[in-house]
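Here is a quick tour of one chain, told through a handful of its residues. Have the sequence and the model open while you read.

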Amino acid sequence: MEREKTADKAIGRTEGGLNTKLHAIVDGLGNPVEFMLSAGNDHDSVYAVELLEKVEIGGSNVLADCAYGVKTIRAYISEQGASYVIPPQSNVSDPWPVDWWLYQKIPAQIHLDKLRSPAII
């Protein structure tokens with residue numbers, strides 16, 4: 001019943017109370033290109049393909065953390081003619097190669113951390 005009440009409001013119950021997650025696609029400089037909100041208790045990877053469909057990714061490198069390394073997301077990225085730079089989780093039985101040098105250049109987390117921080121004037 002609670003899920004029905006909050007389904008269209010991107011609010012979910014977690015240990016910390018009611019939460020919302022911000023999912024974002026950023027360009028190579030960390031500038032937001034697309035974003036969406038979801039309930040805080042939904043896994044990060046649930047909305048990845050839906051969000052990626054809003055952006056032309058062909059010929060790009062898609063960088064993401066290991067939460068986005070599920071087969072459906074990696075397959076979608078490859079089908080679009082893009083490459084993925086997503087490290088496998090430690091429990092993956094058949095890990096894929098990762099360009100760690102490129103992965104270290106990920107700007108999204110830095111940008112999102114700035115959004116979360118209160119402005120200091």
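Let's start with a side-chain pair: His23 and Ser38 are joined by a polar contact of 2.6 Å between their side chains. A polar contact here is a pair of N or O atoms within 3.5 Å; within protein, one must be able to donate a hydrogen and the other to accept it, and residues adjacent in sequence count only if both atoms are side-chain atoms.

Before going further, a word on the ground rules. This is a predicted model, where local features need pLDDT of at least 70 and side-chain atom pairs count only at pLDDT 80 or more, while totals for chains, interfaces and linings use all residues. Residues are numbered from 1 along each chain as its sequence is written, and side-chain values use heavy atoms, with hydrogens and water left out.

**Around His23**

His23 sits in strand E2, residues 17-26. Is it buried or exposed? His23 is buried, at a relative accessible area of 5%; the cut-offs are under 20% for buried, over 50% for exposed and partly exposed in between, using a 1.4 Å probe and protein chains only. Setting aside neighbours within four places in sequence, His23 is in contact with Glu34, Phe35, Met36, Ser38, Asp44, Tyr47, Leu51 and Tyr68. Contact here means heavy atoms within 4.5 Å.

**The salt bridge**

One name on that list, Asp44, turns up again. Its side chain meets that of Lys21 in a salt bridge, 2.8 Å from N to O. The pair links distant parts of the chain, 23 residues apart: Asp44 is in the loop between strand E3 (32-39) and helix H2 (48-52), and Lys21 is in strand E2. How many salt bridges does a search of the whole structure find? It finds 1, taking a salt bridge as a side-chain nitrogen of Lys or Arg within 4 Å of a carboxyl oxygen of Asp or Glu. Asp44 is partly exposed, with a relative accessible area of 23%, and Lys21 is partly exposed too, at 22%.

**The whole chain**

Zooming out, the chain has 5 helices and 5 strands, in the order α-β-β-β-α-β-α-β-α-α along the sequence. These are DSSP runs numbered from the N terminus, with helices (H or I) of at least four residues and strands (E) of at least two. Of the 121 residues in the chain, 34% are buried. Among contacts between residues at least 6 apart in sequence, 34% join residues at least 24 apart.

**Pairs across the sequence**

Some C-alpha distances show which parts of the chain are brought together.

| Residue | Partner | Separation along the chain | C-alpha distance |
|---|---|---|---|
| Ala39 | Asn19 | 20 residues | 6.5 Å |
| Glu56 | Gln80 | 24 residues | 8.3 Å |
| Ser83 | Ile57 | 26 residues | 9.0 Å |
| Gly17 | Gly40 | 23 residues | 9.3 Å |

Ala39 lies in strand E3 and is buried, with a relative accessible area of 6%. Gly17 belongs to strand E2 and is buried as well, at 18%.

Glu56 is in the loop between H2 and strand E4 (61-63), and this residue is exposed, with 68% relative accessible area. A polar atom of the Glu56 side chain lies 3.1 Å from the backbone nitrogen of Gly58.

Ser83 is in strand E5, residues 83-85, and is partly exposed at 38%. Beyond neighbours within four places in sequence, Ser83 is in contact with Ser60, Asn61, Val62 and Ile77.

**A pocket**

Last stop: the second largest pocket, which holds about 170 Å³ of space. Which residues line this pocket? They are His43, Cys66, Ala67, Gly69, Val70, Lys71, Arg74, Pro88, Gln89, Val92, Asp94 and Trp96. On a 1 Å grid over the protein atoms alone, with a 1.4 Å probe, a pocket is an open set of points with protein on both sides within 12 Å along at least five of seven lines, and lining residues have an atom within 4 Å of a point. Grid points are joined across faces, edges and corners, and the volume is the space filled by probe spheres set on the points.

The lining divides into 6 nonpolar, 3 polar and 3 charged residues. Here Ala, Val, Leu, Ile, Met, Phe, Trp, Tyr, Cys and Pro count as nonpolar, Asp, Glu, Lys and Arg as charged, and the others, Gly among them, as polar.
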